[in-house]
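Grab a coffee and open the viewer: here are a few exercises to work through. Try each one yourself before reading the solution.

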Amino acid sequence: MTNIHQQLLTRPTFVEVDFGKVRHNFNEIQKLVPGKKVLCVVKGNAYGHGAVPMGKLFESLGADYLGVAIPEEGVELRLSGITIPILVLSAIADKQIPVCIEHDLTITAPSDEKLEQIDLAAQQAGKRAIVHLKIDTGMGRIGVNWERVSKFIPVMEKCKHTDFEGLYSHFACSDEEGGVTHIQIERFNHAIKIFQDAGYDFSIKHIANSGGILFYPESHFDMVRAGMVLYGLFEGRSLPSGVTLEPAMSWKTEVVYFKYIEAGTGIGYGHNYIAKTATRIVTLPVGYADGYQRAMGPHGKVIIRDTMYPIAGRICMDQMMVNISRFGESYKGDEVILVGSSKSHSITFFDIAAWSDTSIYELLSQISSRVPRIYKNQN
Ligand SMILES: Cc1ncc(COP(=O)(O)O)c(C=O)c1O
């Protein structure tokens, strides 16, 4: 299933993922949630880190569940040999239900109608469906509104081919102080009570994402769903004391072309960089088709030979130019750090997200499949 870029591993542009750092982050989460189950979110190619390697790592570390967005991501994990439970977190189309049942993927039922469809598909497949009901306590995305959850109950009574394993919801603002998180927890407790009064007690109730894990212990219920914290990044608030996260990914490329230019020379599409003085320019084999976003151009910097240099001109689809100054030294084959640290400088995913006015979530998930993932400290 690995793509050609991953098979050849010849490209000088690559991301490097440190298993040791992911292990550290997983252990930090386990310390915060003693006795609770941990679901590791590996959707979006494990936030760009590689779904199969990360899924296998989390399975080996004792994760209780993996979380994917779409059934196809779950099937990829199953075909790679992963056997622990996998929850499909998003709403799915009816035609995707049989795939979930065939590959033993736990299905989210965000409505009573979907639940009916799931039970019917399980009957047709001659298998049992495993379901987590989703309720909306304030995220406003999917799920039955917390005040109307009792509408699930008559349908549940009719479902003879479904196991009701979980009940869950999702936070809208857990990475911020204040906000609606406490209200969402209260609403979740209210919904749990309605089901309990009707005789349904789910073995896995869950609501906490990274923010919930770090700042709201009362939100840990039976399981937490860890996403970004696993990969060592968290934005919004400083971490609770005693908790450390280690960013697991760095991003590198290599100088593939060098030239001198005269004052007045334009660089790149639209010539929106014109050299004020004679200078030296290097070209790097990375661009927005790799997920290095065009919007980073005017603010972006890279590290070459322990020196920070600015991007010159617009980032192209596959290449970009860097101004290494009139007397800067760099040669073809030099390592270039796009995200990571040298002796005296560092560039983080927070920096490049700020340059392109986006979130680290969007950036990481957009690092494209043609960027090989190199793994270190695997054992
Ligand atoms: C349903 C659900 N649970 C958990 C997560 C993990 O969130 P985070 O990366 O903030 O931990 C996500 C991510 O978007 C999600 O959609």
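**Exercise 1.** Among contacts in the chain between residues at least 6 apart in sequence, what percentage join residues at least 24 apart?

*Solution.* Keep in mind that you're looking at a predicted model. Start with the inventory: the chain has 12 helices and 21 strands. Then go to the contacts between residues at least 6 apart in sequence: 66% of them join residues at least 24 apart. To finish the overview, 44% of the 379 residues count as buried, and the C-alpha trace spans about 80 × 45 × 40 Å along its principal axes.

**Exercise 2.** Work out how the domains of the chain are laid out and what joins them.

*Solution.* First, the bounds: the domain assignment gives domain 1 as 33-231 and domain 2 as 249-376. Next, the spacing: their C-alpha centres lie 39 Å apart. Now the contacts: 9 residues of domain 1 are in contact with 7 residues of domain 2. On the domain 1 side, α3 gives the most, with 3 residues. That side divides into 4 nonpolar residues, 5 polar and no charged.

**Exercise 3.** Find the residues that touch the most other members of the largest nonpolar core, then follow Cys40 outwards.

*Solution.* The core holds 109 residues, and Leu39, Cys40, Leu66, Ala226 and Val322 touch the most other members. Strand β6 (residues 129-136) supplies the largest share, 5 residues. Check the domains too: the core draws at least three residues from each of domain 1 and domain 2. Now take Cys40: leaving aside neighbours within four places in sequence, it is in contact with Phe58, Ala63, Leu66, Gly67, Ala226 and Leu230.

**Exercise 4.** Which residues of helix α4 are buried, and why do they line one face of the helix?

*Solution.* Pick out the buried residues of α4 (residues 51-61): Ala51, Met54, Gly55, Leu57 and Phe58. Look down the axis of α4 and these buried residues fall within an arc of 160°, so they line one face. The general rule helps here: an α-helix has 3.6 residues a turn, so residues three or four places apart point the same way. Then see what the buried residues of α4 pack against: α2, β2, α3, β3 and α5. Just after α4 comes Gly62, with a positive phi near 100°.

**Exercise 5.** Which residues surround the ligand?

*Solution.* List the shell: Val41, Leu89, His170, Asn209, Ser210, Arg225, Ala226, Gly227, Met228 and Val229. Sort them by type and you get 5 nonpolar, 4 polar and 1 charged. Ala226 should ring a bell: it's also in contact with Cys40.

Technical notes
Residues numbered from 1 in each chain as written. Predicted model: local features only at pLDDT ≥ 70, side-chain atom pairs only at ≥ 80, totals over all residues. Core = buried A, V, L, I, M, F, W, Y, C linked by C-beta atoms within 7 Å. Buried ≥ 20, exposed ≤ 12 C-beta atoms within 10 Å, placed from the backbone. Helix = DSSP H or I, 4+ residues; strand = E, 2+ residues; numbered from the N terminus. Domains from an automatic or database assignment. Contact = placed C-beta atoms within 7 Å. Arc of directions from axis to C-beta. Near = placed C-beta within 6 Å. Nonpolar A, V, L, I, M, F, W, Y, C, P; charged D, E, K, R; others polar.
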